[in-house]
Amino acid sequence: MAALLFTPARLRDLDLANRIVVSPMCQYSAVDGTATDWHLVHYGSLALSGAGLVILEATHVEPRGRITQGCLGLYADAHEEALTRIITFVRERTDAKVGIQLSHSGRKGSARLPWIDRGRPLTVEENAWTTVAPSALPFADGWPPPRAMDGEDLQTTLEAHVEAVRRAQRVGFDLIEVHIAHGYLLHSFLSPLSNRRDDGYGGSMEGRMRYPLETFEAMRAAWPAARPMGVRVTACDWVEGGWQAGDAAVFASELAKRGCDYIAASSGGTSPKQSIPLSEGYQTAFASQLRQASGLPTMAMGMIFNPNTAEAILAREDADFIALARAMLHDPHWPWLAAATLGENVAYPPQYVRGYLSPFLREQRRLATGAERTGSPI
């Protein structure tokens, strides 16, 4: 029986070779929002891994929406040009499909690079900028308060998301993932910890969901009907009084009504006071819950390293895809390892054939069992 991890999948008109997804991982290596050679090498390598889908890191829809000065943007022609270079390489060398995660940092923006002073805001001398959020509540102690968004801010930022969608279409991305997680702008509207508005965009859960849903609807309308658009959601703030899994289930159901194609189930990010019980696959239960509530395919994620763990998640029907971040940073050829472990094949470049283990391991099993040879070990 074929391993589920290596069965094909389809989202709208997009065919994926397998259920392995390279999850968005910020590289903080852009220049004025523009991708560099680092991104070409990084994403080129990940696209050669055999994963069915590679999703580029959080790419911001306006300058004030960046997390750091090194974050990618998609609000200028130069950004389109640089990303087109990456897409062209991937198309010429691999069969991987490529998506992009569109995001706005909200009150967590104007931050220092994580390897310089993780979790600290820029100073005025470092060219800090004023961030925006649903309410004027700072992300953490020592952070400047953001400006509470007025009607003009809401419209400007929604339009920036839509314009980024149009740019993504011109670049040629196969899929868009909307970032409504980790305490960034759209998620900060959802959480009662960060949204204290008393207008139609706050208060009840219906009010708090309004702006993220309006933004998603506008983005979906601007994206070709044949191409999928999914959403990364935070299923739990891991803080008392915050956004909970039951809330996320309601939100996922509302997204399904508006043409969402999948849910990437994550958690946390709203507050440094969060307490997360980390373990391999610790967010899988959220993927299962949101799948059942919304009827949408889900992506399981969260410290998944072992191919057998990934296969078990799919076998239990907890999720439809396995999204990997840290595992792919540690081993950019993780799909090769998974194929070897599960006795399957995966696409790989011919230049690397001598390092591909799956045929070798099959040959070892054949010798151990005395079975007849069915193909060359190399």
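Is Tyr28 buried or exposed? In this predicted model, Tyr28 counts as buried, because its relative accessibility is 18% and the cut-off for burial is under 20%. You will find Tyr28 in the loop that runs between strand S3 (20-22) and helix H1 (37-47). Its backbone deserves a look as well: phi of Tyr28 is near 50 degrees, a positive value in a residue other than glycine. Most residues other than glycine have a negative phi.

Arg12 shares this feature, with a phi near 50 degrees, again positive in a residue that is not glycine. Arg12 sits in the loop between strand S1 (9-11) and strand S2 (14-16). With a relative accessible area of 30%, Arg12 is partly exposed.

Tyr28 also leads us to the largest pocket, which holds about 1400 Å³ of space. Of the 47 residues lining this pocket, the closest to its centre are Tyr28, Arg118, His182, Tyr184 and Arg326. Which elements give two or more residues to the lining of the largest pocket? They are helix H3 (114-117), strand S12 (321-324) and helix H10 (326-330). H10 gives the most, with three residues. As for chemistry, the lining divides into 25 nonpolar, 16 polar and six charged residues.

From the pocket we can turn to the nonpolar interior. In soluble globular proteins, nonpolar side chains tend to be buried together. Here the largest nonpolar core has 89 residues, and Leu5, Leu83 and Phe173 touch the most other members. Helix H4 (residues 151-171) supplies the largest share of this core, eight residues. Phe173 makes a good place to zoom in. Setting aside neighbours within four places in sequence, Phe173 is in contact with Leu56, Leu83, Ile87, Val98, Gly99, Ile100, Ala168, Trp223 and Arg227. Leu83, then, is both a contact of Phe173 and one of the residues that touch the most other members of the core. Apart from the largest core lies another, of 14 residues, among them Leu16, Ile55, Ala264 and Met301.

Next, the cysteines. How many disulfides does a search of the whole structure find? The search finds zero. Cys26 is in no disulfide, and the nearest cysteine sulfur, that of Cys71, is 5.2 Å away. A disulfide would need the two sulfur atoms within 2.5 Å, so the pair does not qualify. Cys26 counts as partly exposed, at 24% relative accessibility. Cys260 is likewise in no disulfide; for Cys260 the nearest cysteine sulfur belongs to Cys236, 20 Å away. With a relative accessible area of 5%, Cys260 is buried.

Our last stop is Asp318, in the loop between helix H9 (307-315) and S12. S12 has already appeared among the elements that give two or more residues to the pocket lining. Is Asp318 buried or exposed? At 13% relative accessibility, Asp318 counts as buried, because that value is under 20%. Apart from neighbours within four places in sequence, the contacts of Asp318 are Thr284, Ala287, Ser288, Arg291, Thr298 and Ile313. To place Asp318 relative to the early part of the chain, try Asp13: the two residues are 305 residues apart along the chain, and their C-alpha atoms are separated by 23 Å.

Note on methods
Residues are numbered from 1 along each chain as its sequence is written. This is a predicted model: local features need pLDDT of at least 70, side-chain atom pairs count only at pLDDT 80 or more; totals for chains, interfaces and linings use all residues. Side-chain values use heavy atoms; hydrogens and water are left out. Helices (H or I, at least four residues) and strands (E, at least two) are DSSP runs, numbered from the N terminus. Buried means under 20% relative accessible area, exposed over 50%, partly exposed in between (1.4 Å probe, protein chains only). On a 1 Å grid over the protein atoms alone, a cavity is a set of points where a 1.4 Å probe fits but cannot get out, and a pocket is an open set with protein on both sides within 12 Å along at least five of seven lines; lining residues have an atom within 4 Å of a point. Grid points are joined across faces, edges and corners, and a volume is the space filled by probe spheres set on the points. Ala, Val, Leu, Ile, Met, Phe, Trp, Tyr, Cys and Pro count as nonpolar, Asp, Glu, Lys and Arg as charged, and the others, Gly among them, as polar. A nonpolar core is a set of buried Ala, Val, Leu, Ile, Met, Phe, Trp, Tyr and Cys residues joined through side-chain atoms within 4.5 Å. Contact means heavy atoms within 4.5 Å.
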